[in-house]
Amino acid sequence: MAPYLLTAGVSLLAKSFSVLSCTGSLARCTSVLPSAFFSPVKFLTSEARSPPKRPLNGYMRYVQQQKPLMARQNPEIKAVDLIKTIAQQWRSLSPEQKQPFQEASLRAREQFKVDLECYQAQLTPAQLQQQAQEKRQRRAKRKAIRKKRELTNLGKPKRPRSPFNIFMSEHFEEAKGITSQAKMKSLLEDWRNLFSHQKQVYTQLAEDDKIRYKNEMKSWEDHMVEIGREDLIRERTLSTKKKPAARAKKATKKVTKKAKTVKKATGTSKPSKKTTKSRSAKTVSPPSTKKT
């Protein structure tokens, strides 16, 4: 009976320590006892809890407080206009009025750090590696979205459409189905059932769209060069732009080499130093005198 009571007491003590370690400044109190005492708790909580949510900043806390109040007072106002009104109110607040929301955000941020450390401590190395990979993927996705938004603002032409895309845009409204996915599935079946001469019309439209895209991209890339954004130009376009310069340089070298060859053939090249010295010696040397 005594060993059972001892095990139960140790499990209760371990559970109390694990709760304290995740809810305050006693985050590291679990290091007081050996890890063997915490095996019952690990058995009871086999699944890792969800990660803590990142806290809201002062402005978002103000929005969270004011949004339901203003929605009740103005039920006819749109959600976008509602957020704009709240943002304007926040800008007009004094620093003293903003202080409670900002202080609450700071306290929540400190608590978030403690909760995050507690959450990461229970993860395995494989789970930590998976989290790091997901973080890199989210960062790459955000970067791609920002780049796409920038290209749209700079007026980059839209890519050419395929024959099926043109067919789908023309018949999407009258397609069978309620949802967009059902309509696309129905249009795909209709496209497969078309005769070749019927598809030829959309194929020609797609070819015309390719020509449109090629001309618009040429003008757009020339404009990007003018404003100093060569980083947005396609690599193959840059290579074609570099080829004429390389050809001109090569042609200049050929002309220079040919000119040197012509000079040598006509004898207009400069004489060597040895030849010059021998000629000068022959000219300057006095006549020889014989002894009588």
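**Exercise 1. Contacts and overall make-up**

Among contacts between residues at least 6 apart in sequence, what percentage join residues at least 24 apart?

Solution. In this predicted model, 57% of the contacts between residues at least 6 apart in sequence join residues at least 24 apart. The secondary structure comes next: the chain has 11 helices and 0 strands. Of its 292 residues, 15% count as buried. The exposed area is about 24200 Å², and carbon and sulfur atoms supply 58% of that area.

**Exercise 2. Confidence**

State the average pLDDT of the chain, and locate stretches where pLDDT stays under 50.

Solution. The average is 77, with 65% of the residues scoring at least 70. One stretch under 50 covers residues 1-10, where the model has 1 contact beyond four places in sequence. Another covers residues 12-46, and there the model has 30 contacts beyond four places in sequence. Where pLDDT is low, the predicted coordinates should not be read in detail.

**Exercise 3. The pair Y59 and W90**

Classify the ring pair formed by Y59 and W90, then place both residues in the chain.

Solution. The structure holds 8 aromatic pairs. For Y59 and W90, the ring centres are 5.9 Å apart and the planes stand at 65°. A pair needs centres within 6.5 Å, and planes over 60 degrees apart count as edge-to-face. The pair of Y59 and W90 is therefore edge-to-face. Y59 belongs to helix α3 (residues 58-73) and W90 to helix α4 (residues 79-92), so this pair links distant parts of the chain, 31 residues apart. Next, accessibility: Y59 is partly exposed at 24% relative accessible area, whereas W90 is buried at 10%. Finally, ring pairs link Y59 and W90 with Y62 and F101 into a cluster.

**Exercise 4. The pair F167 and Y202**

Repeat the analysis for F167 and Y202.

Solution. The centre-to-centre distance is 5.4 Å and the angle between the planes is 85°, which makes this aromatic pair edge-to-face. F167 is in helix α7 (residues 163-171) and Y202 in helix α9 (residues 196-226), so the pair ties together parts 35 residues apart in sequence. Buried means under 20% relative accessible area. At 5%, F167 is buried; at 11%, Y202 is buried as well.

**Exercise 5. A charge over a ring**

Which residue lies over the face of F172, and at what distance from the ring centre?

Solution. The residue is K183, at 5.3 Å from the ring centre of F172.

**Exercise 6. Salt bridges of helix α9**

Describe the salt bridges of R212 with D209 and E216, and the one between K218 and D222.

Solution. The structure holds 8 salt bridges. Start with D209 and R212: their closest N and O atoms are 2.8 Å apart, and both residues lie in helix α9, 3 residues apart, about one turn. R212 also forms a salt bridge with E216, at 3.1 Å from N to O. E216 and R212 are 4 residues apart in helix α9, again about one turn. By accessibility, D209 is buried at 13%, R212 is partly exposed at 24% and E216 is partly exposed at 36%.

The side chains of K218 and D222 meet at 3.6 Å, N to O. They are separated by about one helical turn because they are 4 residues apart in helix α9. K218 is exposed at 54%, and D222 is partly exposed at 29%. Salt bridges with shared partners also join E150, R229 and D231 into one network.

Key: Residues numbered from 1 in each chain as written. Predicted model: local features only at pLDDT ≥ 70, side-chain atom pairs only at ≥ 80, totals over all residues. Heavy atoms only, no water. Phe/Tyr/Trp six-rings, centres within 6.5 Å; stacked < 30°, edge-to-face > 60°. Helix = DSSP H or I, 4+ residues; strand = E, 2+ residues; numbered from the N terminus. Buried < 20%, exposed > 50% of the residue type's maximum accessible area, 1.4 Å probe, protein only. Lys NZ or Arg CZ within 6 Å of the ring centre and 35° of its normal. Contact = heavy atoms within 4.5 Å. Areas by Shrake-Rupley, 256 points an atom, 1.4 Å probe, with all protein chains shown as cover. pLDDT = per-residue confidence, 0-100. Salt bridge = Lys/Arg side-chain N within 4 Å of Asp/Glu carboxyl O.
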